[in-house]
Amino acid sequence: MIALVFATLVAVLMASATYLLLQRNPVRMVIGLGLFTHAVNLLVFGTSVSHRGQPPIIVDKAAFSGDISQFVDPLPQALILTAIVISFGIVAFLIALLHRRNSLEAVESCTDRVDDPFAMEPAAALEAVDEDYEWLEDVVLKRELRKPKRTRR
Amino acid sequence: MLTNLLALLAVSGPILWLLRPHRWRHAGWLAAMAPAAVTAWLLGQLGPVSQGIALNEHYSWSQALGLALDLRLDGLGLFFGLIIAGMGTAIAVYAGYYFEKASTLGRFYALLFLFMASMLGLVWADNLLALFVFWEGTSITSYLLISFKLTDSNALEGARRALVVTGIGALAMLGGFVLLGQMAGTYSISGLLALPPSTFTGHALFAPMLGLVLLGAFTKSAQFPFHFWLPGAMAAPTPASAYLHSATMVKAGVYLLARLHPALAESPLWFWALFIVGGITMLLGAVIALRHYDLKAILAYATVSQLGVLVMLLAFDVKLATVAAAVGILAHALYKGPLFMVAGIVDHATGTRDIRKLAGLARSLPLVGAAAILAAISMAGLIPTFGFLAKELLLENFFALIESGQTQIGWAGLAATVISGALFVAYSLIIICEAFLRRKPALKAAKIEHAPSALFVLPVLVLTLVGAAIPFFLTAIENTLFAAPVAAITAAPAELHLALWHGWTPIFLTSLLAIALGVLLFTQRERVRKLFASGIQVSGARVFDGLVDGLYGLAGWSTRTLQGSSFPTQISIPLLAAAGFVIYAFSLNLVADLRIDWNAVPTFYEVVLPTLAIVATLAIARAQSRLSAIISLGLVGVVVLLIYVFFSAPDLALTQFLVEVLTLVLLVLVFYRIPHHAYPKQPKHRSMKYLLISLAVGVWGFGMALVAAGEPLFPLISDFFSLNATAAHGGNIVNVILVDFRGFDTLGEITVMVVAALGGYALLRASRMRPIEAEEDFEEPYDA
């Protein structure tokens, strides 16, 4: 039963995280990444939930008899601990990246991108991709129009 | 001593390069000293080795890994070693005059001697893996020698083709070697050959192993359908062509077949593969050679044909065929090498190798003409040359087969030999008559602008004369020179009785028939050429280039498709692929195998909390304002934290708490500064697509979580950590794992954090700077 509860939670987290990652709004993408982290951590944690037990801490080292069945599995915890910290690093870096992008006056337009080195016909390949970036141009243009009114912090 | 010789060659090449040999007119003689010393030493070993005493050398490198350099000089290794070092001496002298004052001579010597060292290592190696390393050494030096003229695009293409074809073959061969080593339990070649052949032929993986090893041998020795790389390799400087691509490197495949002959030749698979491939190569090479006018191209295809003959001979597990192969290898080296060298001299003197533009060279270059005619007679197999002896033995083998009852194979081989023999005679005559004897060329004659010095021709003459003399001293040398390699190939002591003249036997009559047919072909050569020219020309090189281009195309297409588009598409593909696998696994009814403990009932809180997290998650997805989304994310984080608390993971809960707070602070801080943009709504169909992808990923997560919750399928290492935590002086097992057992992982984690912190710091610093207004400062370069 507990497996089902965990699986449902992981499934909902992953689906929502993917949906957010696929969005245009960078805020949503960052939040999606955070949710994905939770989902994956819970997935790994799920390996140790069916056997309940004490936290894996030996209180009295001298009296420790070698009876480890009282503890829950410590390995997933060690893995997740590393994962939490690393994913925090990535999210923090992403946030800094967003901040930087925002602070630039002009967002690079998509035509400035380096050409795809594998494209047989560079122009045609770019056109196909451009469709995905049209919205970005809109954003940039609107911002250009608003420029005089905006006050810089 | 063997290692010293290899080192001598490997070192003397680069030293020669440093000496800048092109400054001296006779630098070739200096260069030839190293290979000459090797040859002299090897000649001294002829006595003991022909008595069956092999020289073993063992240099241990890494004992723990079982890596060692094992060299072994036995009959076969000595035979090949003599050809390599002896030809190498002649080529070293020849190259000195061929390059004249060209400053590339030093580089050529460096590569040539490195090649020589790899090639000798190849034939002396007593370990399959060492053999592979030397094998690749010859491929790489061959590549560098073919592409020696860096401005010639033909040479570069030919070199690439040669490298790719032989490289693919060598990789397959390495796979075959590993299988072979696994079957034998040793990688030592002599150890492997000491085992009974049934160890290999009876093994379940014999066929794949044989296929892989043969692929390596066939690509190296330019067997059909890989023969096309060899003519392309003729873009190399002629000394390299004469040495690598006729006398030595292309015989590496033949050497490998001969080396493994005792272990593998019992199998019918071996016989048919070698017989058919060798036979096709023999005929195909001989036929294509007639189509060409370039001296080197004719010789290249003739080489392909001769290699086919050798491979075909090694198909048989009888002594006679082995003798024929050994004689054929030496005879071929001693006539084809000089012929290539003659082609180089002719090219050097007249500026062309097109036989339509050549005539009467025997009069203007008498020494060259004499050498060329002698060598070409041997190639044609006319009595009393070394080539004749080789062909007699070849025919004798097939007659013996017919007598012993294998009539079909015997007649097929005989017919193929007669046809290819006739073609050999035809183009030998073409070379002799058209280039050297006739008075008027077919096209505008090329003048001799630059007559070669006698010393330039000397190595050619010496090789040719050695080849011409050998048949007359057969009784003196047959048991020292040929018996030992034959014994090594058949794995039985051999005593030979070779003779040039057996009387008017059917063998000799067949030989005469081939010669007569050849003369007929020669007189009708214009018609034959026209016939071949009108035929369909399937060029292996073109097919190969098509394949390579296709591979590039495929790489380009897959990169464009998988990674050439927007971010959502790029991440969708791997996510969907992962989801697809899990959904497929579930369709196989793996759920029953999950071994989930369905009785583990959650407490009331453990149901309420996840429900809360699910609601919060859905709230994020539908959130209209950023702040509510961030708060909902925090809520999910808190639930996860509480789950860690409920399931006895206090360390995780603490860390999660800290990280959650920091993330929230960061998010609010930064997004407060970023102005809100109204992003346009996705089109309806795209929203639907993304929703479906998300659902698939959700199913993936669900499946993975169920798999994770099941009982482990294999023993876990966790118990080891738990039991030994006190030994690491720690009570908190999770902490002990992180800082002690898996300390390097933690080091990696810290590195990631440092990199992220540095990157983030740089980005935040950069945001204080004003961006450069590139557009406005830009000046129009031309007037409108």
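Select chain B and colour its two assigned domains: domain 1 covers residues 290–523 and domain 2 covers residues 715–767. The model in the viewer is a predicted one. Place a marker at the centre of each domain, taken over C-alpha atoms; 71 Å separate the centre of domain 1 of chain B from that of domain 2 of chain B.

**A helix pair in chain B**

Next, select helix α4 of chain B, residues 75–98, together with helix α21 of chain B, residues 454–469. The axes of these helices come within 8 Å and cross at roughly 155°. Because angles over 145 degrees count as roughly antiparallel, α4(B) is described as roughly antiparallel to α21(B). The crossing of α4(B) past α21(B) is left-handed.

Display the side chains at this contact. Helix α4(B) contributes Ala90(B), Val93(B), Tyr94(B) and Tyr97(B), while α21(B) contributes Leu455(B), Phe456(B), Pro459(B), Val462(B) and Leu463(B). What classes of residue make up the contact of α4(B) with α21(B)? There are nine nonpolar residues, no polar residues and no charged residues.

**Chain A on its own**

Now hide chain B and select chain A. Chain A has four helices and zero strands, and its elements run α-α-α-α from the N terminus on. Of its 153 residues, 41% count as buried. Consider also the contacts in chain A between residues at least 6 apart in sequence: 54% of these join residues at least 24 apart.

**Where chain A touches chain B**

Restore chain B and select the residues in contact between the two chains: 86 residues of chain A are in contact with 96 residues of chain B. On the chain A side, the elements giving two or more residues are α1 (2–21), α2 (26–45), α3 (74–103) and α4 (122–146) of chain A. Which of these elements gives the most to the side of chain A that touches chain B? That element is α3(A), with 24 residues. Colour this side of chain A by residue class, and it divides into 60 nonpolar, 17 polar and nine charged residues.

**One residue on the chain B side**

Finally, centre the view on Val670(B), which is found in helix α29 of chain B, residues 650–673. Is Val670(B) buried or partly exposed? Burial requires 20 or more other C-beta atoms within 10 Å; Val670(B) has 19 and is therefore partly exposed. Select its contacts, leaving aside neighbours within four places in sequence: Val670(B) is in contact with Ile95(A), Leu98(A) and His99(A).

Methods
Residues are numbered from 1 along each chain as its sequence is written. Chains are lettered from A and ligands numbered from 1 in the order in which they are written. This is a predicted model: local features need pLDDT of at least 70, side-chain atom pairs count only at pLDDT 80 or more; totals for chains, interfaces and linings use all residues. Axes are lines fitted to C-alpha atoms, for helices over the stretch in contact, and angles run from 0 to 180 degrees between N-to-C directions. Angles under 35 degrees count as roughly parallel, over 145 as roughly antiparallel, 65 to 115 as roughly perpendicular and the rest as oblique. A crossing is left-handed if the near helix is turned anticlockwise from the far one by less than a right angle, and right-handed if clockwise. Two residues are in contact if their C-beta atoms, placed from the backbone, lie within 7 Å. Ala, Val, Leu, Ile, Met, Phe, Trp, Tyr, Cys and Pro count as nonpolar, Asp, Glu, Lys and Arg as charged, and the others, Gly among them, as polar. Domain bounds come from an automatic or database domain assignment. A residue is buried if 20 or more other C-beta atoms lie within 10 Å of its own, exposed if 12 or fewer, and partly exposed in between; C-beta atoms are placed from the backbone.
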